[in-house]
Structure formats: structure tokens, C-alpha cells
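Q: Hey, can you walk me through this fold? I'm new to reading structures.
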Amino acid sequence: MEIYTFGCSFTEGQGLQDQKNESYSAILKQKTGSIVYNVGAAGVSNDYIFRNVFRHLKTHIQKDDLIIIQWTHYIRKEIPINYNDRNFYLMAPNCFYPLHNGVVNKINQITNTEYIGIDCEKDV
């Protein structure tokens with residue numbers, strides 16, 4: 001049995017001093033002795049995680065393997081684009097703040113944080 005962990009930066013281990021050994025995927029490997037694949041990536045959307053799980057189901061994951069999915073913030077969305085005949089996905093918003101009609105006065109400080117949604121027509 002192999003273990004696959006999917007998610008955003010929490011799964012990847014971003015922010016840890018030693019993400020290779022301190023991420024929850026690494027701890028699972030230490031505790032179970034299983035082969036663990038960390039498929040987390042910082043800033044990704046649930047769309048990306050969902051698509052990535054199914055890509056791995058088709059190509060790598062076997063019947064007896066374990067899949068752990070850590071969903072990210074619901075407001076992260078993918079925007080598919082085609083540039084020079086190649087397909088890309090942009091992540092929106094690619095930050096830790098939800099879309100809002102407030103003003104960022106200083107780093108990590110937001111005023112008037114009313115949610116307006118990703119499909120709104122107000123200026124963000």
C-alpha cells in the first residue's frame with residue numbers, strides 16, 4: 001500500500017523549517033513505514049486538487065493505495081487560458097485574502113472585509 005496526499009501549501013509543508021521531514025506526509029511515512037507521495041502545491045485551487053487526484057488515479061494509484069485529500073479555501077479558482085497553443089491555469093486570487101471591497105493599508109491588515117464573491121462586478 002502506498003499513500004498519496006493531495007492539497008495546497010499545508011500538504012506541501014510550506015512554512016516548515018524542514019518540510020521534507022516535518023510535513024504531515026513525512027510524518028505519515030515515519031508512523032506507517034509506507035511509501036508516501038506528497039502531491040501538495042502552494043497556492044492551488046480545489047479545481048487543481050480535484051484534477052490532480054483524477055490524473056493520478058488514471059496513471060499511478062492502485063486499488064489498495066490510500067488517498068488523503070486536504071481541500072483548500074473555497075474561494076481559490078482556476079482560470080484556464082491558452083497562450084501560444086499551450087494550455088495554462090491561473091489561480092485567482094493567488095493570495096491568502098478572500099476577495100473583498102476593503103483596502104489593504106499595511107501587510108496583513110485589511111479594513112472593511114465584506115465578502116463580495118468571485119463573480120462580482122465591484123472593484124476589488
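A: Sure, we can go through the sheet, the helices and then the surface; just keep in mind that this is a predicted model.

Q: OK, the sheet: what order are the strands in?
A: The order is E2-E1-E3, in an open sheet of three strands with parallel pairing.

Q: Why is one side of E2 and of E3 left without a neighbour in the sheet?
A: Strand E2 (35-40) and E3 stand at the edges with a single partner strand each, so one side of each has no neighbour there. On average, neighbouring strands of this sheet are turned by 15° against each other, direction ignored.

Q: And what holds strands together anyway?
A: Strands of a sheet pair through backbone hydrogen bonds, either parallel or antiparallel.

Q: How many bridges are there between E1 and E2?
A: Six, in the parallel sense, with E1 covering residues 2-7. Ile3 stands opposite Val36 in E2.

Q: Now the helices. Which strands does H4 touch?
A: H4 packs on the sheet and touches E1, E2 and E3, with its direction at about 155° to that of E1. Helix H3 (residues 24-32) lies across E1, E2 and E3 too, running at about 165° to E1.

Q: New topic: which residues make the nonpolar surface patch?
A: Phe50, Phe54, Leu57, Ile67, Ile69 and Trp71, making about 530 Å². Helix H4 (46-59) and strand E3 (66-69) each give two or more residues to it, and the largest share, three residues, comes from H4.

Q: Why does Phe50 count as partly exposed?
A: Phe50, which lies in helix H4, has 47% relative accessibility, and partly exposed means between 20% and 50%, so it falls in that class.

Notes. Residues numbered from 1 in each chain as written. Predicted model: local features only at pLDDT ≥ 70, side-chain atom pairs only at ≥ 80, totals over all residues. Heavy atoms only, no water. Patch = residues over 30% accessible without salt bridge, like charges linked within 9 Å, V, L, I, M, F, W, Y side chains within 5 Å. Areas by Shrake-Rupley, 256 points an atom, 1.4 Å probe, with all protein chains shown as cover. Salt bridge = Lys/Arg side-chain N within 4 Å of Asp/Glu carboxyl O. Helix = DSSP H or I, 4+ residues; strand = E, 2+ residues; numbered from the N terminus. Buried < 20%, exposed > 50% of the residue type's maximum accessible area, 1.4 Å probe, protein only. Pairing = 2+ DSSP bridges. Axes fitted to C-alpha atoms, helices over the stretch in contact; angles between N-to-C directions. Contact = heavy atoms within 4.5 Å.
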